[in-house]
Amino acid sequence: MNTRLKQIRTVLNLQQGVFAKELGILQQQLSKYECGFNKPSIEFLIKLSNIFNINIHWLLTGEGQMFINKSGEFEAKIKIVKLKKDQLLKVEYED
């Protein structure tokens, strides 16, 4: 997991200090995570996922994609979107 955490930072093109600040931790703590000296808490993993759209399953196992597409999670389920005059947005979902 520690090498994948560093890989995330590298892909995002962020220095340790900037990445750590975005996640609300000290650079020294991030360095310990990346070197494998300490393991991140579940709260840290959730924050990492929420801020940078990181797939936690990938981070823990190396399986799947690094990033998740939160904005597109429901795109495949939407069948029809209609907007008529004097009508609120109507969304129909496939079963």
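Contact here means that heavy atoms lie within 4.5 Å of each other. In this predicted model, that criterion pairs N2, L5, K6 and R9 of helix α1 with L30, Y33, E34 and C35 of helix α3. The axes of these two helices come within 6 Å and cross at roughly 125°, which makes α1 oblique to α3.

**Overall composition**

The protein contains five helices and two strands, and from the N terminus on the elements follow the order α-α-α-α-α-β-β. Of its 95 residues, 24% are buried, and its accessible surface comes to about 7000 Å², with 51% of that surface belonging to carbon and sulfur atoms. Among the contacts between residues at least 6 apart in sequence, 36% join residues at least 24 apart.

**The salt bridge between α1 and α3**

Side chains of opposite charge can pair when their charged atoms come close. The count of salt bridges in this model comes to one, and the pair concerned is R9 with E34, whose closest N and O atoms are 2.7 Å apart. Because R9 lies in helix α1 (residues 2-11) and E34 in helix α3 (residues 27-35), the pair ties together parts that are 25 residues apart in sequence. Are the two partners buried or exposed? R9 has a relative accessible area of 12% and is buried, and E34, with a relative accessible area of 8%, is buried as well.

A further polar residue, Q16, touches both members of this pair: leaving out residues up to four places away in sequence, Q16 is in contact with R9, Q27, L30, S31 and E34. Q16 is found in helix α2 and is itself buried, with a relative accessible area of 17%.

**The nonpolar core**

In soluble globular proteins, nonpolar side chains tend to be buried together. Here the largest nonpolar core has 15 residues, and those with the most contacts inside it are L5, I8, F19, F44, L48 and L59. Helices α1, α2 (16-23), α3, α4 (42-52) and α5 (56-61) each supply at least two residues of this core, and α4 gives the most, with four residues.

Which residues does I8 touch, when those up to four places away in sequence are not counted? The contacts of I8 are with F19, L48, I54, W58, L59 and M66, and of these F19, L48 and L59 also appear among the core residues that have the most contacts inside it.

**F52 and I51 in helix α4**

F52 lies in helix α4 and, at 16% relative accessibility, counts as buried. With residues up to four places away in sequence set aside, F52 touches L12, L14, F19, E22, L23 and F67. The C-alpha atoms of F52 and R9, which stand 43 residues apart along the chain, are separated by 10.0 Å.

I51, also placed in helix α4, is partly exposed, with a relative accessible area of 38%. Once its neighbours within four places in sequence are left aside, I51 is in contact with E22 and L23, and both of these residues are also touched by F52. The C-alpha atoms of I51 and E22 are separated by 8.1 Å, although the two residues are 29 apart along the chain.

**Two asparagines with positive phi**

Most residues other than glycine have a negative phi, and most peptide bonds are trans. Against that background, two asparagines may be set side by side, together with the loop in which each is placed and the exposure of each.

| Residue | Phi | Place | Relative accessible area |
|---|---|---|---|
| N13 | about 60° | loop between α1 and α2 | 69%, exposed |
| N53 | about 55° | loop between α4 and α5 | 27%, partly exposed |

N13 has a positive phi although it is not a glycine, and the loop that holds N13 lies between α1 and α2. N53 likewise has a positive phi without being a glycine, and its place is in the loop between α4 and α5. The exposure classes follow from the cut-offs: exposed means over 50% relative accessible area and buried means under 20%, with partly exposed in between, so N13 at 69% is exposed, whereas N53 at 27% counts as partly exposed.

Methods. Residues numbered from 1 in each chain as written. Predicted model: local features only at pLDDT ≥ 70, side-chain atom pairs only at ≥ 80, totals over all residues. Heavy atoms only, no water. Salt bridge = Lys/Arg side-chain N within 4 Å of Asp/Glu carboxyl O. Buried < 20%, exposed > 50% of the residue type's maximum accessible area, 1.4 Å probe, protein only. Core = buried A, V, L, I, M, F, W, Y, C linked by side-chain atoms within 4.5 Å. Areas by Shrake-Rupley, 256 points an atom, 1.4 Å probe, with all protein chains shown as cover. Axes fitted to C-alpha atoms, helices over the stretch in contact; angles between N-to-C directions. Parallel < 35°, antiparallel > 145°, perpendicular 65-115°, else oblique.
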